[in-house]
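The following questions and answers examine how the chains of an assembly meet. Each answer sets a value against the rule that applies.

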4 protein chains.
Amino acid sequence: MVESIPLATATQLIEAAEQKADEIDNPMVITVANSEGNLIAQHRMDGAWLASVNISKNKAYTSAALDMPTHDLAEASEPGNSLYGLDTRDEGRMVVFGGGYPLEADGEIVGTIGVSGGEVSQDREVAEAGVDKWNQLVEDGAVDVRHD
Amino acid sequence: MVESIPLATATQLIEAAEQKADEIDNPMVITVANSEGNLIAQHRMDGAWLASVNISKNKAYTSAALDMPTHDLAEASEPGNSLYGLDTRDEGRMVVFGGGYPLEADGEIVGTIGVSGGEVSQDREVAEAGVDKWNQLVEDGAVDVRHD
Amino acid sequence: MVESIPLATATQLIEAAEQKADEIDNPMVITVANSEGNLIAQHRMDGAWLASVNISKNKAYTSAALDMPTHDLAEASEPGNSLYGLDTRDEGRMVVFGGGYPLEADGEIVGTIGVSGGEVSQDREVAEAGVDKWNQLVEDGAVDVRHD
Amino acid sequence: MVESIPLATATQLIEAAEQKADEIDNPMVITVANSEGNLIAQHRMDGAWLASVNISKNKAYTSAALDMPTHDLAEASEPGNSLYGLDTRDEGRMVVFGGGYPLEADGEIVGTIGVSGGEVSQDREVAEAGVDKWNQLVEDGAVDVRHD
């Protein structure tokens, strides 16, 4: 059994992120994944980098695979630190810079969002717009977590 | 610079395909790609097979990589025929059964659609709903091919 | 030590193949590799299939890796025959349909040519134009095999 | 349909780069790719490193995937900086040292060039000879961007 987000909710999060990306005028690739890191929906905004297709998907994967935001992994992965080399593990899917976030409901991670397309600070800002939308939907009781 | 389908158009094609998938009551994964086979948008409908995430993407890729629908490849790839072994070429991305289609405008392939999630006949029916929507948009002059 | 073909000779073979591809009006991707299957030169003719970039390279690789033309592998790779499954070996680089040929001098394989872009019969015709050019250069004493 | 550089133009850029490589007496591998990072032509000069076949191709890919020269990526990818770990992303195709450059026409990226085979400063010098040739052809109105 996997906790997952309905596609209709995933596209709402993506729309919220796209709106933020338009505001900061930087096209992004946005991925929403389930709690096992598998894709629910991915959109490449017009003009977004090709490399971001892979990176946004893997930010979502990494957040699911390690149950944490990807920006928490950067320092630990540096030379001399405990997880040095993490970025090359798991078939190259680990992303250790910011832009991947878990999506939680009732204290459980039920999905993740990953954004790529600009400076890391921009990626985070856009991803957080998606996370904010998610949290608002949870608060409003509008989220119907799937148990596949 | 790539001729491509705008994201807003890609999601319209996906919606048309999702509607058909709902009609036949079989959740699908639907991918729209550009003319070089790279992803523009992908949606996994609730309950669709996990394997279909990969397969729908690669049907879209294959249609772009060989400029033809994927169902045209099946017979040639059979043992004894000229392209036996094609199904395992190109890093395992070639899909030789139906569900991937080129999207054309003015006689040029500007993108592709790939659908997976059911019997091949169902995949084709759903993908063709996306192709029909595309052709209707082209006829209506509502298609604005991107030059990235 | 690797027996290899000079780049200047490799581009002559590619030109001969391109001329044949133009004659039959089918754009091709043409690769010349050394006796270890590593690339010397590759050209994607205007309009040639994307998938052919990978396939032509791997036809050249396969010919070098097994010291024979790729069309000799089809029958043996069929279900029930001795090499069934060969097409998926060696990291997916084995191509078991025609279009890859060894290039020989003094009874030694010193390189290979791989062509992809049309029907297998067309691929073979174009590759053979490259092989013919090679044999003519060898006969003329115009080939200076490299020993890297 | 992709905006791309004709093969005949790509080989002119490669010749210009090869001439520079001969001048500095360092054999190189030179790749020209389209705007989605897919290969148009690749030449391995006699005596050039085997590893450079992969690296030159991926420098061209990286420039296309992130719309910038590869030398712009080095600093951001260092430990402690925002894109630490970028070098291992995207199936290992990201190259974060110099030698990959976009090729532009009318403000659009229509292709890229990637060079590998020596010190990074040499790779850049040789790649820039290809870029200079491109810019001269654009200025002369001798560039005919393809619409595949």
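**How the chains meet**

Gln42(A) stands opposite Gln42(B) in β3(B). This is a predicted model, in which local features need pLDDT of at least 70 and side-chain atom pairs count only at pLDDT 80 or more, while totals for chains, interfaces and linings use all residues. Residues are numbered from 1 along each chain as its sequence is written, chains are lettered from A and ligands numbered from 1 in the order in which they are written, and side-chain values use heavy atoms, with hydrogens and water left out.

Q: What makes β3 of chain A and β3(B) a pair of strands?
A: Two strands pair if DSSP finds at least two bridges between them. Three bridges join β3 (residues 39-44) of chain A to β3(B), so the requirement of at least two bridges is met. The two strands run antiparallel. Strands here are DSSP runs of E with at least two residues, and helices are runs of H or I with at least four, numbered from the N terminus.

Q: Why is the relation between chain B and chain A called that of a two-fold axis?
A: A turn of 180 degrees with a shift of 0.0 Å along the axis lays chain B on chain A, with an RMSD of 0.1 Å. That is the relation of a two-fold axis. The superposition is by least squares on the C-alpha atoms of residues with pLDDT of at least 70 in both copies. Of the residues of chain B, Gln42(B) comes closest to the rotation axis, its C-alpha lying at 2.6 Å.

Q: How do you know that chain B and chain A meet through the same surface?
A: Of the interface residues of chain B, 95% are also interface residues in chain A, so the copies meet through the same surface. The contact, defined by heavy atoms within 4.5 Å, takes 21 residues from chain B and 20 residues from chain A.

Q: What is the area buried between chain B and chain A, and what does the term mean?
A: Buried area is the accessible area (1.4 Å probe) that two parts lose on being put together, summed over both. Between chain B and chain A it is about 1500 Å², of which carbon and sulfur atoms give 51%. On the side of chain B that touches chain A, the elements that give two or more residues are α1 (7-23), β3 (39-44) and α2 (51-66) of chain B. The largest share, six residues, comes from β3(B).

Q: Why is the pair Glu36(B) and Arg44(C) called a salt bridge?
A: The rule asks for a side-chain nitrogen of Lys or Arg within 4 Å of a carboxyl oxygen of Asp or Glu. The closest N and O atoms of Glu36(B) and Arg44(C) are 3.9 Å apart, so the pair satisfies the rule. The pair crosses between chains, from Arg44(C) in strand β3 (residues 39-44) of chain C to Glu36(B) in the loop between β2 (29-34) and β3 of chain B. The count between chain C and chain B is one salt bridge, whereas the rule finds zero across the interface of chain B and chain A.

Q: What makes the relation between chain C and chain B that of a four-fold axis?
A: Chain C is superposed on chain B by a rotation of 94 degrees with 0.4 Å of shift along its axis, at an RMSD of 0.1 Å. That is the relation of a four-fold axis. In chain C, the C-alpha nearest the axis belongs to Thr88(C), 4.1 Å from it. The copies use different surfaces, as 20% of the contact residues of chain C recur in chain B.

Q: Which residues of chain C supply 33% of the area that it buries against chain B?
A: Trp49(C), Leu50(C) and Phe97(C) supply that share, more than any other three residues. Chain C and chain B bury about 1600 Å² between them, 58% of it on carbon and sulfur atoms.
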